Structures are given as structure tokens and as C-alpha cells.
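Here are some short exercises to work through with the model open beside you. Try each task before reading its solution.

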Amino acid sequence: MEWLYWLLSGVNALMWGGVALLYTAKAGQIGQLYKTEVKPLEKPSLISVIIAARNEHKALERCIRSLAGQTYSNLEIIAVDDRSTDSTRAIIEEMVAKYPSVSGVCIEDLPKGWMGKSHALYEGVKRANGEWLLFTDGDILFQPECVSKAEAYCRKGRLDHLTLIPDFHGSHLFSKWYGAFIFLSASSFGMLWKVKNPKAPQSFGVGAFNLVKRSAYEKIGTHAAFSYNSTDDATLG
């Protein structure tokens with residue numbers, strides 16, 4: 001069976017070698033948020049951040065703190081407890097008491113015809129007042145200028161939707177390898193450089209960061225239009 005091992009190794013090398021070459025050739029066409037220049041705004045639009053959290057007691061507090069510490073000046077944070085069985089709800093209550101920009105939503109039951117995360121985000125939108133909606137997960141950490149740069153990027157490009165692939169950090173080599181794998185796969189096989197072209201069929205959405213203009217969100221029918229879809233983030237994109 002040694003020949004099979006070498007055959008599979010060769011196929012793997014060819015496949016990922018091709019992906020690496022394709023990514024290298026096209027990477028410049030994929031936007032990089034950290035390069036975005038932020039200019040002060042007199043009247044920044046209100047952005048509503050909606051966090052879907054189910055049993056996220058290990059990470060949720062850090063997530064909310066990182067959002068509360070954003071440099072963007074007009075932000076509301078809505079943390080939705082999706083039927084958690086741990087201390088998620090207590091953490092949300094603590095954050096609501098500590099930060100004026102944070103509010104909480106607690107869900108007890110899942111209606112028929114809905115996936116949990118889509119329903120949680122949809123319920124969060126009902127409490128949101130923003131012109132922009134940022135959908136995210138409870139285990140994401142935000143750099144202080146993340147939202148400011150995202151808003152500036154959308155304004156400059158006249159975008160209705162912006163999604164970001166997050167960095168993956170961890171103490172294990174596997175975490176770094178997994179992050180690189182996800183990014184290369186999505187970038188190359190998904191041909192992300194074509195997403196900006198309105199005539200191209202490619203689209204993309206990431207649950208960690210889906211920023212969408214409210215008018216566009218309502219035009220596509222909100223999460224109710226794909227309420228029973230396990231890939232709600234990609235479908236939104």
C-alpha cells in the first residue's frame with residue numbers, strides 16, 4: 001500500500017500547490033481591512049451589532065468587552081442568549097449593567113421552521129435601531145478599530161454588505177494551520193476576488209462578521225427568507 005500513500009501525497013501536493021499559486025496571483029484583488037484609512041465623521045451612522053450566543057460563557061464577556069471598546073463612536077450592542085444552559089445569560093446581564101451601549105435579549109423557545117442562530121439574529125434585529133447591522137458570533141474578539149475601518153471601507157466602496165475572514169489565534173499549531181486552510185480554501189476555491197463584481201455569480205458571507213445595510217437586509221427578506229438554513233451566514237452573503 002506504499003504506492004497509494006505516495007499517490008495521495010502527490011495529489012495533495014498538486015492540489016494545494018495549485019491553490020497557493022492561484023491565491024498568490026489573485027490575493028491583491030481581495031480587500032484587506034487593516035489598510036483602510038479612517039477619517040473622523042461628524043455624524044456617524046448608528047451600527048447595531050447583534051451577537052448570537054448559545055452556551056458561550058467561556059468567550060462572550062471578552063467578545064462584548066472588545067466591542068464596547070471600539071473606536072467607532074455610534075455603536076449599540078445587542079447580545080442574544082439563544083436558550084443557553086450555562087451562565088451565558090448571567091454574563092449578558094452583567095455586561096448590560098456595566099456598559100450603556102449593551103442590551104440583552106433572552107430566547108426561551110425556538111419557533112417551528114427556524115434554525116436557532118437565524119432566529120436569534122432575527123430577534124436581535126427587532127431590537128436594533130441602526131442603519132447598519134453587524135451580525136457576529138459570541139466567540140469573536142474585535143481589534144479596537146475594526147468597526148471604524150469596516151464602516152470606512154463600506155462608505156468608500158459604496159457597499160451594502162461587507163464580510164470579513166477573521167484571524168485564527170491559538171496556542172496550538174493546529175489552530176494556525178486550520179486558519180490558513182480556511183482562508184486559502186475560501187479565497188481560492190470560492191474565487192473571492194470576483195465577489196466585488198455585481199455581474200459575477202460568486203458571493204460570500206462569514207458568521208464572524210457580516211455587516212449589511214439595513215435597507216438591503218430588508219430588501220432580501222431578512223433572516224425570515226432563509227429561516228431554516230444551516231449556512232445562514234453564507235446565504236446572507
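**Exercise 1.** How much space lies in the largest cavity?

*Solution.* Keep in mind that this is a predicted model. Begin with the count: the structure holds one cavity of 30 Å³ or more. The space in the largest cavity comes to about 40 Å³.

**Exercise 2.** Find which residues line the largest cavity, then sort them by character.

*Solution.* Step one is to collect the lining: Lys-117, Leu-121, Phe-135, Thr-136, Asp-137, Gly-207, Asn-210, His-223, Asp-232, Asp-233 and Leu-236. Step two is to place them: helix 4 (116-127), strand 4 (132-137) and helix 8 (232-236) are the elements that each give two or more residues to this lining. Step three is to sort: three of the lining residues are nonpolar, four are polar and four are charged. Gly-207 goes with the polar group, because Gly counts as polar here.

**Exercise 3.** In what order do the six strands form the open sheet, and which are the edge strands?

*Solution.* Read across the sheet and you get 3-2-1-4-6-5, with mixed pairing. At the edges sit strand 3 (102-107) and strand 5 (161-163), each pairing on one side only. On average, neighbouring strands are turned by 15° against each other, direction ignored. Now look at one pair: strand 1 (residues 47-53) runs parallel to strand 2 (residues 75-82) over seven bridges. In strand 2, Asp-81 stands opposite Ala-53.

**Exercise 4.** Which strands does helix 4 lie across, and which does helix 5?

*Solution.* Helix 4 lies across strands 1, 2, 3 and 4, at about 140° to strand 2. Helix 5 (residues 146-157) lies across strands 1, 2, 4, 5 and 6, at about 135° to strand 5.

Note on methods:
Residues are numbered from 1 along each chain as its sequence is written. This is a predicted model: local features need pLDDT of at least 70, side-chain atom pairs count only at pLDDT 80 or more; totals for chains, interfaces and linings use all residues. Side-chain values use heavy atoms; hydrogens and water are left out. On a 1 Å grid over the protein atoms alone, a cavity is a set of points where a 1.4 Å probe fits but cannot get out, and a pocket is an open set with protein on both sides within 12 Å along at least five of seven lines; lining residues have an atom within 4 Å of a point. Grid points are joined across faces, edges and corners, and a volume is the space filled by probe spheres set on the points. Helices (H or I, at least four residues) and strands (E, at least two) are DSSP runs, numbered from the N terminus. Two strands pair if DSSP finds at least two bridges between them. Axes are lines fitted to C-alpha atoms, for helices over the stretch in contact, and angles run from 0 to 180 degrees between N-to-C directions. Contact means heavy atoms within 4.5 Å.
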